[in-house]
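Trainee: Could you walk me through reading pockets, cavities and a ligand site?
Mentor: Sure, pull up the model and let's go.

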Amino acid sequence: MLTKKHVKISKDVSGTTGVFGIIGNPVALSLSPMIHNTMSRFLDIDTAYAPFQVEDGNLATAISGAHALGIQGFNITHPFKQDVIPLLTHVDPWALKIGAVNTLKYNDKGYSGYNTDADGLYTSLMTHNISLDGKDVVIIGAGGAARAVAIMAAHYGAKSICILNRTQSKAHLLAIDVKKYYNIDIEALSLDQWEKVPANCTCFQTTSVGMGQSKDAAPIDELEFYKRISVAIDLIYNPFETLFLKYAKRQGSYTVNGFGMLLYQGVKAYEIWNDIKLTDAQLSFLLDEMQKEYKRQSV
Ligand code: NAP
């Protein structure tokens, strides 16, 4: 049945509309389509953005097929941010340093890869006046998102980095990778070694604990740990306030969730695709609009 919603989409999309999307698995709950389609409406740019779920083993076929179809760009999400790298014709040096790509842009021969996660997170920190310069940074987790956080923290002048991960060997590998580029004091620990983290630290929660089926959980439950955190940042944005952030807030930390990072990594991808730069006023308007839209959709 044709509904008002369908009429609206068919009116917005024409034969010249630039097509973009997100590749991942799963992608059904991704907020990126809402973010990018809202930006196109707001900026009056003729693009449409859709989710594409790709099964493991099908990534190379999906990328070459998308290029043959002339799809202009993608965001890449879990679990493909590292696997996509060998399929690209060019990888931006910042993305190579992080070791993960979350944005593809069409070129004549294939796609160029970028990483906007670290810049998106950094912009979100700036909007909260959070500086990493001279700070002791603690990162919980050692997956793809933790890589972006670790490189960003080292790049923006953190004094030390302490990585705590369930699988300590992965924390070690990440520490070695960061050391290749930055001369920084960095330590790799397991989650139960939290007593070794310094007081007054800036702590990034980058694991998936606190969302989905584990939405009532936190990676560390000892309240003594949270007393050491002055600024707590969780990369999760759904729920808006995770148990990790609740614990930290109760112990007096300043807290930030992952919504700003999500929005700003999307904005940076959008800027790369369309060769534009949004003004600060446009950015703060968009943040407001997206938060309202997100809350409307969450009701
Ligand atoms: P990933 O590469 O799969 O890494 C997952 C991390 O979570 C690993 O360190 C893993 O530890 C840890 N972990 C998973 N289950 C755990 C458990 N039960 N107990 C303890 N640790 C556990 O995923 P990712 O791409 O880094 O994403 C991680 C989170 O960041 C997700 O929640 C994602 O939504 C969020 N994120 C947000 C944004 C944003 O824009 N706000 C952007 C990127 C990612 P092991 O190494 O031991 O397996």
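What follows is a chat about the empty spaces and the ligand.

Mentor: Ground rules: this is a predicted model, where local features need pLDDT of at least 70, side-chain atom pairs count only at pLDDT 80 or more, and totals for chains, interfaces and linings use all residues. Residues are numbered from 1 along each chain as its sequence is written, and side-chain values use heavy atoms, with hydrogens and water left out.

Trainee: How is empty space found, and what volume does the largest pocket have?
Mentor: Rolling a probe the size of a water molecule over the atoms shows where empty space is left. On a 1 Å grid over the protein atoms alone, a cavity is a set of points where a 1.4 Å probe fits but cannot get out, while a pocket is an open set with protein on both sides within 12 Å along at least five of seven lines; lining residues have an atom within 4 Å of a point. Points join across faces, edges and corners, and volume is the space filled by probe spheres set on them. Here the largest pocket has about 1,900 Å³. Its lining has 47 residues, with Thr77, His78, Thr207, Ser208 and Met211 nearest the centre.

Trainee: Where does the ligand sit?
Mentor: A molecule sits in a pocket if more than half of its atoms lie within 2 Å of its grid points. This ligand sits in the largest pocket.

Trainee: Which residues come nearest to the ligand?
Mentor: A residue is near if one of its heavy atoms lies within 4 Å. There are 23 around the ligand, and Ala145, Asn165, Arg166, Thr167 and Leu235 come nearest.

Trainee: What about polar contacts to the ligand?
Mentor: Those are pairs of N or O atoms within 3.5 Å. Ligand oxygen atoms lie 2.8 Å from a polar side-chain atom of Asn165 and 2.9 Å from a side-chain N or O atom of Lys170. A ligand nitrogen is 3.0 Å from a polar backbone atom of Gly258.

Trainee: How many cavities of 30 Å³ or more does the search find?
Mentor: One, in the whole structure, and the largest cavity holds about 30 Å³. Among the residues lining that cavity are Phe20, His36, Tyr49 and Trp273. Helices and strands are DSSP runs numbered from the N terminus (H or I, at least four residues; E, at least two), and helix H2 (32-43), strand E2 (47-53) and H10 each give two or more residues to the cavity lining.

Notes:
A polar contact is a pair of N or O atoms within 3.5 Å; within protein, one must be able to donate a hydrogen and the other to accept it, and residues adjacent in sequence count only if both atoms are side-chain atoms.
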